[in-house]
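Please open the model in your viewer, show it as a cartoon, and keep a selection panel ready. The stops below each ask for one selection and then describe what is found there.

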Amino acid sequence: MTSSTTVQIPAYIAGTWDIDASHSTVGFSVRHMMVSKVRGYFREFSGEIVTAEDPAQSRVTAQVDMDSIDTRQEQRDAHIKSADFFDVGNHTEMTFRSTAVKTDGADWTVEGDLTIKGITKPVVLELELNGFGPDAYGGTRAGFSAKTEISRKEYGVDIDMPMDGGGVVVGDKITVELEIEAVLRTA
């Protein structure tokens with residue numbers, strides 16, 4: 001069904017969707033040693049997307065298991081889980097709850113509250129609607145890509161590791177990138 005609002009999205013379907021973690025990615029990158037970027041992702045996460053008849057009334061909630069971080073280097077992952085960074089022993093989950101969905105022509109954003117280490121800050125995700133359609137199992141799928149940048153220090157991840165000669169080992173700016181595939185719930 002197509003939205004009945006003035007915003008038309010090809011093949012748009014209103015409904016409640018569950019994030020399919022096996023076909024989705026919650027990833028990030030951060031400047032490392034002032035010369036490159038380290039990329040990582042979280043292996044365990046879940047969420048719900050509600051696409052409303054009026055797309056601007058849609059909403060999303062998501063939870064990420066902080067212990068599931070994977071940067072492809074066990075020693076680094078253990079350090080990131082420590083009190084120096086995420087303090088996973090006391091803060092097991094990162095959460096996101098949308099507060100607004102907005103469009104400016106073909107450009108979409110999702111505004112919401114991101115909570116890391118018990119600190120909640122507003123973020124704006126640049127959203128790309130990838131499509132809606134049937135899957136091979138008789139169900140219906142939707143795809144979304146989103147991106148934002150956050151300051152790790154604003155969330156209490158404020159360890160500084162200065163380098164000899166200037167600069168820091170880990171940058172403050174974190175780029176968050178999401179590739180989300182969701183499955184439409186059936187009654």
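Begin by selecting Ser29, which sits in strand E2 of this predicted model. With a relative accessible area of 3%, Ser29 is buried, because the limit for that class is under 20%. If you display its surroundings and set aside residues up to four places away in sequence, you will find Ser29 touching Lys37, Val38 and Arg39 and, in addition, Lys173, Ile174 and Thr175.

Stay in strand E2 and add Phe28 to the selection, together with Phe42 in strand E3; the two residues are 14 residues apart and link distant parts of the chain. A pair of aromatic rings is described by the distance of the centres and the angle of the planes. For Phe28 and Phe42 these values are 5.8 Å centre to centre and 45 degrees between the planes, and the pair is classed as tilted. Both partners count as buried, Phe28 at 12% relative accessibility and Phe42 at 6%. A search of the whole structure finds 5 aromatic pairs.

Keep Phe42 in view and widen the selection to the largest nonpolar core, which has 43 residues. Phe42 is among the residues with the most contacts inside this core, in the company of Ile49, Phe86, Leu114, Ile116, Phe132 and Ile150. The element that gives the most to the core is E11, with 5 residues.

From that group, pick Phe132 next. Which aromatic residues form one cluster with Phe132? They are Tyr12, Trp17 and Phe144, and each of these three is also in contact with Phe132 when its neighbours within four places in sequence are left aside. The other contacts of Phe132 counted in this way are Ile9, Pro10, Ala11 and Ile13, then Thr51, and finally Arg141 and Ala142.

Now zoom out to see how these pieces are arranged along the chain. The protein has 1 helix and 11 strands, and from the N terminus on its elements run β-β-β-β-β-β-α-β-β-β-β-β. Of its 187 residues, 45% are buried. Among contacts with a separation of 6 or more, 58% are between residues 24 or more positions apart.

Two places in the backbone deserve a selection of their own. Most residues other than glycine have a negative phi, and most peptide bonds are trans. Asp87, in the loop between helix H1 (74-81) and strand E7 (93-104), has instead a positive phi of about 50 degrees, although it is not a glycine. The second place is Lys117, in the loop between strand E8 (107-116) and E9, where phi is positive at about 55 degrees, again in a residue that is not a glycine. Are these two charged residues buried or exposed? Asp87 counts as buried at 18% relative accessibility, and Lys117 is buried as well, with a relative accessible area of 16%.

Move on to Glu44, which you will find in the loop between E3 and E4. At 46% relative accessibility, Glu44 counts as partly exposed. Its C-alpha atom is separated by 5.5 Å from that of Asp65, although the two residues are 21 residues apart along the chain. Leaving aside neighbours within four places in sequence, Glu44 is in contact with Asp65 and also with Val64 and Ser68.

Then select Asp54, in the loop between strand E4 (45-51) and strand E5 (59-65). Asp54 counts as partly exposed, with a relative accessibility of 29%. Draw a distance from its C-alpha atom to that of Ala14, and the viewer should show 8.4 Å for two residues that are 40 residues apart along the chain.

Finish at the second largest pocket, whose volume is about 180 Å³. Of the 14 residues that line this pocket, select Ala146, Lys147, Glu177, Leu178 and Glu179, which are the closest to its centre. By class, the lining has 5 nonpolar, 4 polar and 5 charged residues. Which strands each supply at least two residues of this lining? They are strand E2 (25-32) and strand E3 (36-42), along with strand E9 (119-134), strand E10 (140-151) and strand E11 (170-184). Strand E2, which holds Ser29, thus brings the tour back to the element where it began.

Conventions: Residues numbered from 1 in each chain as written. Predicted model: local features only at pLDDT ≥ 70, side-chain atom pairs only at ≥ 80, totals over all residues. Heavy atoms only, no water. 1 Å grid on protein atoms, 1.4 Å probe; cavity = no way out; pocket = protein on both sides within 12 Å on 5 of 7 lines; lining within 4 Å. Points joined across faces, edges and corners; volume = space filled by probe spheres on them. Helix = DSSP H or I, 4+ residues; strand = E, 2+ residues; numbered from the N terminus. Nonpolar A, V, L, I, M, F, W, Y, C, P; charged D, E, K, R; others polar. Core = buried A, V, L, I, M, F, W, Y, C linked by side-chain atoms within 4.5 Å. Buried < 20%, exposed > 50% of the residue type's maximum accessible area, 1.4 Å probe, protein only. Contact = heavy atoms within 4.5 Å. Phe/Tyr/Trp six-rings, centres within 6.5 Å; stacked < 30°, edge-to-face > 60°.
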